[in-house]
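Me: Please take a close look at one part of this structure with me. Then follow the chain outwards from there, at a pace that suits someone who usually works at the bench.

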Amino acid sequence: MNFVLKGNICYSKTLQELEIKENSYLICEGGISKGVFSKIPDKYIGLPVTDYSDNIIIPGLCDLHIHAPQYTFRGLGMNLQLLDWLNTHTFVEESRYDDLDYADKAYSAFVEDLKLSAVTRASIFATLHTSATILLMEKLEKTGLITMVGKVNMDRNSSDILCEESPQKSYENTKKWIEEVIGKFKNTTPIITPRFIPTCTDELLTKLKELQKTYKLPVQSHLSESKKEIEWVKELYPDSESYGDAYNQFGLFGGKDTPTIMAHCVWSKDSEEDLLKNQDVYVAHCPQSNTNLSSGIAPIRRFLKRGIHIGLGSDVAAGCHTSIFRAMSDAIQVSKLYWRLVDQEDEPLTENEAFYLGTLGGGSFFGKVGSFDEGYEFDAIVIDDSSLATPYKSPQKLTIEDRLAKIIYFHNDNSIRGKYVRGNKII
């Protein structure tokens with residue numbers, strides 16, 4: 001895992017600052033980036049060099065929110081809103097994962113897509129089925145990707161075909177699953193996953209906190225995605241200040257010892273934003289999902305101004321595409337609508353900012369991930385943009401920054417020429 005890559009290297013230094021090094025050298029030692037140089041430093045002269053010529057090299061992309069079992073029905077039910085969509089499509093499909101033959105076929109397709117994509121890290125929902133969740137983790141482990149996978153918990157307000165029989169049974173199954181997988185894999189780890197507040201009883205949420213504390217695991221769930229959902233939570237917890245506060249009452253909302261991802265946050269109010277900030281919760285912004293289900297537009301500029309952690313999520317299957325490049329372009333576009341239609345003080349995202357969210361912004365949830373600065377884990381994607389709308393098909397002379405912007409809007413997985421995760425080449 002000691003080598004050098006040569007090419008046009010792009011990565012975020014900060015939200016606004018994009019570092020571009022043309023025709024430069026990226027050093028990997030022991031799976032860690034040693035930095036980017038205009039020429040190879042003497043101490044690394046003997047390392048093997050892969051010359052990617054005029055290709056663009058970027059950090060691997062991070063998907064903070066994706067549902068593996070929903071991959072099979074992407075693009076269906078997009079005329080519905082969230083709660084109706086869950087009952088009509090999601091719960092029906094996820095119930096099929098009790099059948100391991102079905103799960104094997106469905107998860108094989110999902111995992112192969114993820115491997116061939118520009119994503120190197122992902123936080124993933126499975127289903128409530130223990131055996132199928134382990135099967136998914138085994139398949140992901142073989143890809144070399146770094147993933148967190150959650151066995152979903154839901155013991156109320158769910159379809160009869162997809163609801164655990166009791167909080168105790170959900171707890172026991174989840175505990176058994178954790179003990180079977182924790183430490184089993186090198187790249188694939190468990191994450192505590194209450195589906196969302198309405199589908200988890202108080203007793204179950206309390207027990208999930210016990211598991212989180214015992215095994216020191218992160219947490220992922222959904223937050224303030226739609227207005228109807230928020231109203232439902234308010235009915236269930238009338239004394240809570242916000243949806244986020246309902247999670248927080250059970251110790252499942254960030255803080256020093258509970259790293260947490262909450263997807264969506266479309267309708268978070270001031271007190272919930274304060275909680276997101278103070279508890280260091282990561283927001284997984286899923287713009288395509290929010291538009292497909294008519295949920296609304298998350299106020300990402302406002303979150304950024306407040307210093308709230310933000311990454312991007314594909315949210316398959318409410319999102320139709322696994323591409324985090326697509327999430328970047330969608331995030332830019334919906335931010336323009338928010339600026340024009342909702343609040344003209346919240347200026348739209350730029351391409352560089354969206355790129356940051358898809359790399360360093362979301363990557364930081366996994367540790368020192370999402371950059372090529374010295375000391376970061378070496379996740380890299382090599383893109384041959386000659387097949388895209390680039391100088392090869394245009395009389396324009398484009399800068400590397402221009403080409404990166406076009407990749408955000410036109411990328412397809414066929415343009416990937418190399419994919420490295422912790423220094424291991426997997427494509």
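Reply: C286, P287, Q288, G313, S314, H321, S323, R326, A327 and D330 form the lining of the second largest cavity in this predicted model. Two elements give two or more residues to that lining, α9 (287-292) and α11 (helices are DSSP runs of H or I with at least four residues, strands are runs of E with at least two, and both are numbered from the N terminus). With three residues, α11 has the largest share of the lining. The space itself comes to about 50 Å³. By class, the wall divides into three nonpolar, five polar and two charged residues (Ala, Val, Leu, Ile, Met, Phe, Trp, Tyr, Cys and Pro are nonpolar, Asp, Glu, Lys and Arg charged, and the others, Gly among them, polar).

A word on the ground rules: residues are numbered from 1 along each chain as its sequence is written, and side-chain values use heavy atoms, with hydrogens and water left out. The model being predicted, local features need pLDDT of at least 70 and side-chain atom pairs count only at pLDDT 80 or more, while totals for chains, interfaces and linings use all residues.

Now follow α11 away from the cavity. This helix covers residues 324-341 and packs against α13 (residues 400-410) at an angle of about 95°, with the two axes 7 Å apart (axes are lines fitted to C-alpha atoms, for helices over the stretch in contact, and angles run from 0 to 180 degrees between N-to-C directions). That angle makes α11 roughly perpendicular to α13 (65 to 115 degrees; under 35 is roughly parallel, over 145 roughly antiparallel, and the rest oblique). On the α11 side F325, M328, S329, I332 and Q333 make the contact, and on the α13 side I407, I408 and Y409 do (contact means heavy atoms within 4.5 Å). Six of these residues are nonpolar, two are polar and none is charged.

Just ahead of α11 there is a backbone feature to look at. The peptide bond from V316 to A317 is cis, with omega near 15°, and A317 is found in the loop between β14 (309-312) and α11. N157 is another one: its phi is near 50°, a positive value in a residue other than glycine. N157 belongs to the loop between β8 (152-153) and α4. As background, most peptide bonds are trans, and most residues other than glycine have a negative phi.

How many cavities of 30 Å³ or more does a search of the whole structure find? The search gives three (on a 1 Å grid over the protein atoms alone, a cavity is a set of points where a 1.4 Å probe fits but cannot get out, a pocket is an open set with protein on both sides within 12 Å along at least five of seven lines, and lining residues have an atom within 4 Å of a point; points join across faces, edges and corners, and volume is the space filled by probe spheres set on them). The largest cavity holds about 120 Å³. Of the 15 residues that line it, H67, L82, L86, H222 and E225 lie nearest its centre. Both β5 (61-67) and α1 supply at least two residues of this lining, and α1 has the largest share with three. The lining has six nonpolar, six polar and three charged residues.

α1 turns up again at the largest pocket, which encloses about 180 Å³. Its lining consists of Q81, L82, L83, D84, S226, K227, K228, W267, L293, S294 and S295. At least two of them come from α1 (82-95), and at least two from α6 (227-236). α1 gives three residues, the largest share.

Finally, N157 pointed towards α4, so to speak, and that helix (residues 167-181) packs with α3 (residues 130-143) at about 25°, with axes 10 Å apart. These two helices are therefore roughly parallel to each other. T130, T133, I134 and M137 of α3 make the contact with N173, W177, E180 and V181 of α4. Four of the contact residues are nonpolar, three polar and one charged.
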